[in-house]
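Here's a quick tour of how the chains in this model sit against each other. Have the viewer open and follow along.

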2 protein chains.
Amino acid sequence: MAETAQPVVKRLALIGLGLIGSSLARVAQREKLAESIVLFDASDKVRTRLHELKIGDVVAETAEAAVKDADLVILCVPVGANEAVGRLISPHLKDGSILSDVGSVKSSVVSALSPYLSEEVHLIPAHPVAGTEYSGPDAGFADLFLNRWCIITPLEGVEEAPLGILRSFWERAGANVELMTPNHHDLVLAITSHVPHLIAYNIVGTAADLEEVTQSEVIKFSAGGFRDFTRIAASDPTMWRDVFLNNKDAVLEMLGRFNEDLAALQRMIRWGDGDGLFELFTRTRTIRRGIIEQGQETAAPDFGRRTKH
Amino acid sequence: MAETAQPVVKRLALIGLGLIGSSLARVAQREKLAESIVLFDASDKVRTRLHELKIGDVVAETAEAAVKDADLVILCVPVGANEAVGRLISPHLKDGSILSDVGSVKSSVVSALSPYLSEEVHLIPAHPVAGTEYSGPDAGFADLFLNRWCIITPLEGVEEAPLGILRSFWERAGANVELMTPNHHDLVLAITSHVPHLIAYNIVGTAADLEEVTQSEVIKFSAGGFRDFTRIAASDPTMWRDVFLNNKDAVLEMLGRFNEDLAALQRMIRWGDGDGLFELFTRTRTIRRGIIEQGQETAAPDFGRRTKH
């Protein structure tokens with residue numbers, strides 16, 4: 001992390017204080033990324049909780065008030081909520097300010113926000129690839145972004161200065177920054193995040209619906225592999241519904257490939273092609289090694305998890 | 001764990017000293033489950049390593065020698081190797097001894113072993129539902145079975161006394177014991193273990209084969225969900241090839257259901273059915289809660305894993 005405590009921006013506004021927003025607020029406070037941090041969440045309950053948690057400097061009562069005079073506004077709401085929030089706040093954004101977000105889909109965010117913005121506001125979408133299966137302002141923590149990647153997807157013709165500010169902000173929050181186009185982002189995330197979530201949700205649903213195997217048996221014997229899937233199938237339903245509705249094309253494309261490959265595997269099982277199975281099962285070990293080497297995963301067996309004894 | 005240190009059997013023979021076999025040897029030694037523990041592994045390298053690791057009392061040079069005079073013989077080899085080992089050792093098994101195994105498939109193990117056994121040997125298949133993504137004698141540890149389930153699948157007409165001995169053995173090794181038929185076991189494990197492994201291997205394979213998204217991007221951005229799948233897709237290829245070849249019917253049945261459900265989800269995405277997606281994504285949270293409550297999983301975010309910082 002940077003050695004200087006010089007704030008990256010004067011006034012930071014965070015809209016939406018769930019897992020990501022509240023983690024950002026915490027790290028921005030700890031690392032002094034802004035002179036003042038203004039928070040707004042549409043839920044009364046969350047706003048009350050924010051006062052108790054003492055994160056940020058001000059809890060605003062409206063989104064419009066929160067963004068007033070802000071130099072950097074980051075929307076941390078479910079992807080499907082960006083348009084409504086964008087429409088609401090756009091008249092109140094300061095000339096020269098940066099509007100960014102943290103959504104898991106990028107092309108649709110650009111389409112949702114662009115129509116409302118004046119030319120004086122710099123729209124620079126971003127997506128920190130980090131999270132847990134928990135949601136809400138209590139689930140956040142300042143180290144969430146540490147050594148994770150934040151993908152920034154600048155639009156054509158973006159100015160260097162505001163892009164540099166957003167990059168510094170994320171780097172000071174602990175993240176590594178990578179730039180790509182919104183479309184490429186959506187394709188990369190479809191395979192590294194969206195389809196994995198979809199098939200995790202799906203197998204947990206399949207297991208819940210069986211007649212021959214009881215739910216109690218599924219729970220008892222989940223240590224055989226199933227329980228790993230239930231973690232990501234416990235993620236926030238609103239967030240994930242919005243992801244699938246807003247990244248339809250890329251998800252369907254990757255899902256199509258997944259299905260083709262699965263059909264081939266199914267065929268190998270039916271016809272007893274042991275060599276084919278063995279070849280795939282060997283090949284897949286390499287990728288995990290890369291993930292561990294690059295610090296994106298622990299090498300401890302079973303993720304190092306400790307279950308109740 | 002039991003308070004008495006009275007051994008469960010006089011002589012225990014373990015054939016195959018990978019993750020499961022070497023964990024069993026370690027816990028049997030620590031908990032004094034046998035007066036003597038004899039080990040055999042077909043690999044010279046593993047036998048040499050066993051001498052260094054100092055687990056068990058004797059490392060035999062042949063499987064036949066290992067099982068001689070043993071009261072309890074447990075085969076800890078890949079499912080597909082049981083038949084060859086059974087044929088080899090059966091003439092050397094003591095009258096009244098118990099032959100068991102740890103395979104992830106049970107019906108095929110019964111078919112593989114039964115033809116070679118005299119009526120004086122008690123065949124009682126078992127399956128401890130526990131493991132990690134690592135393999136080999138160094139990967140084992142004595143607590144592997146602690147608070148995990150061991151499923152025993154006795155055949156019709158099994159005698160109470162030997163069944164009681166095997167049950168005590170597993171309970172003293174830290175496991176909870178459940179009885180069911182081999183066929184039902186194979187169905188339960190197909191959904192809780194085999195299909196989850198298959199789809200994990202599959203998505204890692206799909207990701208490795210993309211042209212538009214590079215392998216380096218898949219690795220970098222794996223924290224979006226993908227990396228969870230790579231853990232189980234790093235499991236032992238030989239073991240898993242054998243599982244799929246030997247539990248074909250149950251795996252194809254469960255995979256068929258998974259595919260139907262996935263097709264329905266795919267359709268919801270294509271047609272923008274947000275309510276349908278939200279309903280499934282909400283329902284799947286309950287099962288994880290059950291798994292955590294029953295001590296089969298940690299409640300810590302992200303499995304409590306700590307990646308390199």
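What follows goes from the overall pairing of the chains down to a few helix contacts and a single residue.

**The pair as a whole**

Keep in mind that this is a predicted model. How do the two chains relate to each other? Chain B can be laid on chain A with an RMSD of 0.0 Å, using a turn of 180 degrees and a shift of 0.0 Å along the axis. The two copies are thus related as by a two-fold rotation axis. Both copies use the same surface, too: 100% of the contact residues of chain B recur in chain A.

Now for the contact itself. Chain A puts in 94 residues, and chain B puts in 94 residues. On the side of chain B that touches chain A, the elements giving two or more residues are helix 7, helix 8 (215-220), helix 9 (226-232), helix 10 (237-246), helix 11 (248-270) and helix 12 (274-293) of chain B. Helix 7 of chain B supplies the largest share of that side, with 19 residues. By class, the side of chain B that touches chain A splits into 48 nonpolar, 25 polar and 21 charged residues.

**Two helices of chain A against helix 7 of chain B**

Two packed helices are described by the angle between their axes and the distance between the axes. Here are two such pairs:

| Helix of chain A | Helix of chain B | Axis distance and crossing angle |
|---|---|---|
| helix 11 (residues 248-270) | helix 7 (residues 182-208) | within 9 Å, roughly 125 degrees |
| helix 12 | helix 7 | 9 Å, about 70 degrees |

Take the pair with helix 11 of chain A, whose axis crosses that of helix 7 of chain B at roughly 125 degrees. That makes helix 11 of chain A oblique to helix 7 of chain B, and the crossing is right-handed. On the chain A side, helix 11 brings Arg257(A), Phe258(A), Asp261(A), Leu262(A) and Leu265(A); they meet residues of helix 7 of chain B including Leu198(B), Ile199(B) and Asn202(B). The residues of this helix 11 to helix 7 contact come out as 6 nonpolar, 3 polar and 2 charged.

Helix 12 of chain A and helix 7 of chain B pack at about 70 degrees, and they are therefore roughly perpendicular to each other. Their crossing is left-handed. Leu280(A), Phe281(A), Arg283(A), Thr284(A) and Ile287(A) of helix 12 of chain A make this contact with Tyr201(B), Val204(B), Gly205(B) and Ala208(B) of helix 7 of chain B. That gives 6 nonpolar, 2 polar and 1 charged residues for the contact of helix 12 of chain A with helix 7 of chain B.

**An enclosed helix**

How many of the residues of helix 10 of chain B are buried? It's 9 of the 10, so helix 10 of chain B is largely enclosed by the rest of the structure. Among the buried ones are Trp240(B), Arg241(B), Asp242(B) and Phe244(B). What do they pack against? The buried residues of helix 10 of chain B pack against helix 11 and helix 12 (274-293) of chain A, along with helix 5 (107-113), helix 7 and helix 11 of chain B.

**One residue to click on**

Finally, look at Ile291(B), which is found in helix 12 of chain B. Is Ile291(B) buried or exposed? Ile291(B) is buried, with 24 other C-beta atoms within 10 Å. Leaving out residues up to four places away in sequence, Ile291(B) touches Ile219(A), Ser222(A), Arg227(A) and Thr230(A), plus Gln296(B) and Glu297(B).

Technical notes:
Residues are numbered from 1 along each chain as its sequence is written. Chains are lettered from A and ligands numbered from 1 in the order in which they are written. This is a predicted model: local features need pLDDT of at least 70, side-chain atom pairs count only at pLDDT 80 or more; totals for chains, interfaces and linings use all residues. Axes are lines fitted to C-alpha atoms, for helices over the stretch in contact, and angles run from 0 to 180 degrees between N-to-C directions. Helices (H or I, at least four residues) and strands (E, at least two) are DSSP runs, numbered from the N terminus. Angles under 35 degrees count as roughly parallel, over 145 as roughly antiparallel, 65 to 115 as roughly perpendicular and the rest as oblique. A crossing is left-handed if the near helix is turned anticlockwise from the far one by less than a right angle, and right-handed if clockwise. Two residues are in contact if their C-beta atoms, placed from the backbone, lie within 7 Å. Ala, Val, Leu, Ile, Met, Phe, Trp, Tyr, Cys and Pro count as nonpolar, Asp, Glu, Lys and Arg as charged, and the others, Gly among them, as polar. A residue is buried if 20 or more other C-beta atoms lie within 10 Å of its own, exposed if 12 or fewer, and partly exposed in between; C-beta atoms are placed from the backbone. Copies are superposed by least squares on the C-alpha atoms of residues with pLDDT of at least 70 in both.
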